[in-house]
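Trainee: I would like a close look at the aromatic ring pairs in this protein. Please start there and then work outward to the strands and the core, in one connected account.

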Amino acid sequence: MSQRRILTLLSDFGLSDVYVGVMKGVIFAVNADLSLVDLTHQIPPQNIAVARFALMTAFPYFAEGTVHVAVVDPGVGGTRRAIALAVGADSANPAGFLVGPDNGLLSGVFCHYPVISAVELTNQRYWRTPEPSRTFHGRDIFATVGAHLASGVPLHALGQAIAPETLIQLELPALQVEAFDAITTRITGCIQASDHFGNLMTNIPASQVLNRNWVVVTNGITIPASQTYSDRPSGELTALIGSHGWVEVAINGGSARAKLNLEWGDQIQVFIAGDR
């Protein structure tokens, strides 16, 4: 098997403590030649939903075979499984590998890429220690397993095979598309994440609104669609297609999250005029 040299890290550990540096230390202890990419370590503490979205949107931009270690793990040391997955359409050349807790964090990726194979990380040979800390599996299991996987250890060697259908998914409310009146289509979705700027990312894909006349409605407020943030005056709400490929609600120069007081799972609607 050819070696996989790129390993990414995502966590909610922040940068003021040594946790991220320690994870890198144990990775380099396995293979000092690996290339590490920090996706982010500023996920809000214990926020699996934001981490899911971040990993999902970053995944397509990495080369085939990249190993992604993601650790947002409020259930660390408990009954949740530690897992690794190969995902993609081609079993001979996986789109990538995921290592992390089975708590829904990885589900944004495997909702879009089929799971080729999945294992629970039961082979202690590839842990840092057979007696891992009950509070730091990122160091003692996930980082070291990721390093071995990126160095060419086959996925099946890392532990016991598990059925893909048993993997935990972070369930979003289902998207609903329906006629509102004779000429208008209503799409009901929800907020699936927000970012550092307070922009709100919905689960309504760009394909639903592209080249159509549409507005967002939430909390009794109608928000016009635009092409860019600056198409609206400073401080004004706008709706647009974000770089991630989802309908996004933002404020030019402000925080839509703070103004609208919306969080993960909250309902949001798009109305498309003249679409019927």
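**Ring pairs and their surroundings**

Mentor: The structure, which is a predicted model, holds 5 aromatic pairs. One of them joins phenylalanine 180 and phenylalanine 271: the ring centres are 4.9 Å apart and the planes stand at 85°, so this pair is edge-to-face. Phenylalanine 180 sits in the loop between β8 (176–179) and β9 (184–194), while phenylalanine 271 belongs to strand β15 (residues 267–273), so the contact ties together parts that are 91 residues apart in sequence. The two partners are not equally covered. Phenylalanine 180 has 44% relative accessibility and counts as partly exposed, whereas phenylalanine 271, at 14%, falls under the 20% limit and is therefore buried. Elsewhere, ring pairs link Phe13, Tyr19 and Phe136 into a cluster.

Next, the loop that leads into β15. Asparagine 261 is found between α5 (256–260) and β15. Its phi is positive, about 55°, although the residue is not a glycine. Most residues other than glycine have a negative phi, so a value of this kind is worth noting. At 60% relative accessibility asparagine 261 counts as exposed. Asparagine 219 can be described in similar terms: its phi is positive, about 50°, and it is not a glycine either. Asparagine 219 lies in the loop between β11 (213–218) and β12 (221–224), and at 53% relative accessibility it too counts as exposed.

Glycine 245 also takes a positive phi, near 90°, and it does so in the hairpin of β13 and β14, where 4 residues lie between the strands. Strands β13 (residues 237–241) and β14 (residues 246–251) pair in the antiparallel sense over 5 bridges. Two of the residue pairings can be picked out: leucine 237 has isoleucine 251 as its bridge partner in β14, and isoleucine 241 has valine 247. β14 also pairs with strand β10 (residues 200–205), antiparallel again, through 3 bridges. There proline 205 stands opposite tryptophan 246 of β14. Burial fits this arrangement. In β14, 6 of the 6 residues are buried, so the strand is largely enclosed by the rest of the structure. In β13 the count is 4 of the 5 residues, so that strand is largely enclosed as well.

A further sheet is open, with 7 strands in the order β2-β1-β3-β5-β4-β6-β7 and mixed pairing. β2 (35–40) and β7 (160–161) form its edges; each has a single partner strand, so one side of each is left without a neighbour in the sheet. β1 and β3 run parallel and are joined over 5 bridges, with leucine 7 bridged to valine 67 of β3. Helix α4 packs on this sheet and touches β1, β3, β4 and β5; its direction makes about 175° with that of β3.

α4 is also a convenient way into the nonpolar interior. In soluble globular proteins, nonpolar side chains tend to be buried together. The largest nonpolar core here has 31 residues, and Val69, Val99, Leu121 and Leu158 touch the most other members. Elements that each supply at least two residues to this core are β1 (6–11), α1 (19–30), β3 (66–71), β4 (82–87), β5 (96–101) and α4 (137–150). α4 gives the most, with 7 residues. Leucine 121 shows how such a member is surrounded: setting aside neighbours within four places in sequence, it is in contact with Ala82, Ile83, Ala84, Val99, Trp127, Ile141, Phe142, Val145 and Leu158. Apart from this core lies another, of 21 residues, with Ala70, Val87, Leu105 and Val109 among them.

Last, the cysteines. The structure holds 0 disulfides. Cysteine 111 is in no disulfide, and the nearest cysteine sulfur, that of cysteine 190, is 12 Å away. Cysteine 190 likewise is in no disulfide, with the sulfur of cysteine 111 as the nearest cysteine sulfur, at 12 Å. The cut-off for a disulfide is two cysteine sulfur atoms within 2.5 Å, so a separation of 12 Å does not qualify. Their surroundings also contrast: cysteine 111 is partly exposed, with a relative accessible area of 43%, while cysteine 190 is buried at 0% relative accessibility.

Definitions and conventions:
Residues are numbered from 1 along each chain as its sequence is written. This is a predicted model: local features need pLDDT of at least 70, side-chain atom pairs count only at pLDDT 80 or more; totals for chains, interfaces and linings use all residues. Side-chain values use heavy atoms; hydrogens and water are left out. A nonpolar core is a set of buried Ala, Val, Leu, Ile, Met, Phe, Trp, Tyr and Cys residues joined through side-chain atoms within 4.5 Å. Buried means under 20% relative accessible area, exposed over 50%, partly exposed in between (1.4 Å probe, protein chains only). Contact means heavy atoms within 4.5 Å. Two strands pair if DSSP finds at least two bridges between them. Axes are lines fitted to C-alpha atoms, for helices over the stretch in contact, and angles run from 0 to 180 degrees between N-to-C directions. Rings of Phe, Tyr and Trp (its six-membered ring) pair if their centres lie within 6.5 Å; planes under 30 degrees apart count as stacked, over 60 as edge-to-face and the rest as tilted.
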